Amino acid sequence: VTRLALREMQFAGRGVEFHSAMSAAEARQVLANIPDLAVAWIDVVMEHDQAGLELVNYIRNVENNSAIRLVLQTGQPGLAPEREALSKYDINAYLDKASTDANRLYATLLTALRSYNEVLQLQNAMRYLEQLAITDQRTGLQNSKSLPVASARALRAAQRRHEPVTVVFMDVDDFKRVNDEKGHLAGDEVLRAVGAAILSNSRAEDSCFRYGGDEFVT
């Protein structure tokens with residue numbers, strides 16, 4: 001009935017694709033196969049009376065999936081009263097099957113899709129800002145703020161594999177003279193060229209940093 005009511009729905013110029021699961025166990029498999037699922041429409045009663053609520057907890061607290069929008073629906077509201085479900089579980093909408101028509105289904109899904117789109121935009125913006133915070137703007141290499149975390153990660157990986165770790169610390173000879181005689185714009189060009197040279201001579205698994213001034217670490 002849900003598929004029938006929403007079969008012609010469009011969002012951002014695209015149709016809506018449905019995937020069904022007849023149990024919470026099947027739903028977990030669907031989620032594993034389609035990690036970027038936008039909305040999960042969850043019935044409270046499946047294998048047992050609390051299966052849907054347990055699935056909500058699994059998605060949010062085990063999978064740590066905060067992006068997917070969760071719509072909880074039930075034909076037995078006494079098992080999961082709306083106010084209790086909304087306050088206790090991280091769901092985005094609640095539907096009582098007895099009072100839900102096609103218009104309510106459409107409005108609920110449209111709202112959920114818009115919310116999912118906004119969450120993705122926010123997550124992308126946060127990732128961009130996080131990357132910006134650890135990137136040296138002159139060279140595009142990582143900056144000194146990211147060095148402790150990257151170093152600790154490299155050491156742990158080397159210890160697991162029983163391999164040595166090589167750290168190269170370098171600076172640019174007579175860099176001050178370049179700035180004094182040619183100006184800081186020319187100095188920036190030198191730094192960018194050095195950064196590019198370091199990257200081109202590094203492996204994909206290597207980490208490269210501008211430590212500060214004319215100092216580099218890889």
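The second largest pocket of this predicted model has a volume of about 640 Å³. Among the 22 residues that line the second largest pocket, those closest to its centre are Ala154, Val165, Thr166, Glu205 and Asp206. Helix α6 (147–161) gives the largest share of this lining, with nine residues, and by class the lining of the second largest pocket divides into twelve nonpolar, four polar and six charged residues.

The largest pocket holds about 1300 Å³ of space. It is lined by 37 residues, of which Glu17, Phe18, His19, Leu37 and Val39 are the closest to its centre. Several elements contribute to the lining of the largest pocket, since at least two residues each are supplied by α1 (2–6), β2 (14–15), α2 (24–33), β3 (39–43), α3 and α5 (102–133). In terms of class, 25 of the residues in the lining of the largest pocket are nonpolar, seven are polar and five are charged.

Strand β3, which contributes to the lining of the largest pocket, is also paired with β4 in the parallel sense, over five bridges. Within this pairing, Ala40 has Leu70 of β4 as its bridge partner, and the two strands make, together with α3, a right-handed β-α-β unit. Strand β4 is in turn joined by four bridges to β5 (residues 93–96), and these two strands run parallel; here the bridge partner of Val71 is Ala93 in β5. The chain passes from β4 to β5 through helix α4 (residues 82–88), and this β-α-β crossover is likewise right-handed.

Strand β4 (69–74) is mostly covered, with six of its six residues buried. The cover extends to both faces of β4, as Arg69, Val71 and Gln73 on one side and Leu70, Leu72 and Thr74 on the other are all buried. Leu70, the bridge partner of Ala40, and Val71, the bridge partner of Ala93, thus belong to opposite sides of β4.

Backbone geometry was examined in two loops. Most residues other than glycine have a negative phi. Asn64, in the loop between α3 (51–62) and β4, has a positive phi of about 55° although it is not a glycine. Asn64 counts as exposed because its relative accessibility is 57%, which lies over the 50% cut-off. A positive phi of about 55° is also found at His162, again not a glycine, in the loop between α6 and β7 (169–171). With a relative accessibility of 73%, His162 therefore counts as exposed.

Definitions and conventions. Residues are numbered from 1 along each chain as its sequence is written. This is a predicted model: local features need pLDDT of at least 70, side-chain atom pairs count only at pLDDT 80 or more; totals for chains, interfaces and linings use all residues. Side-chain values use heavy atoms; hydrogens and water are left out. Buried means under 20% relative accessible area, exposed over 50%, partly exposed in between (1.4 Å probe, protein chains only). On a 1 Å grid over the protein atoms alone, a cavity is a set of points where a 1.4 Å probe fits but cannot get out, and a pocket is an open set with protein on both sides within 12 Å along at least five of seven lines; lining residues have an atom within 4 Å of a point. Grid points are joined across faces, edges and corners, and a volume is the space filled by probe spheres set on the points. Ala, Val, Leu, Ile, Met, Phe, Trp, Tyr, Cys and Pro count as nonpolar, Asp, Glu, Lys and Arg as charged, and the others, Gly among them, as polar. Two strands pair if DSSP finds at least two bridges between them. A crossover is right-handed if, with the strands pointing away from the viewer, the path from the first strand over the helix to the second runs clockwise.
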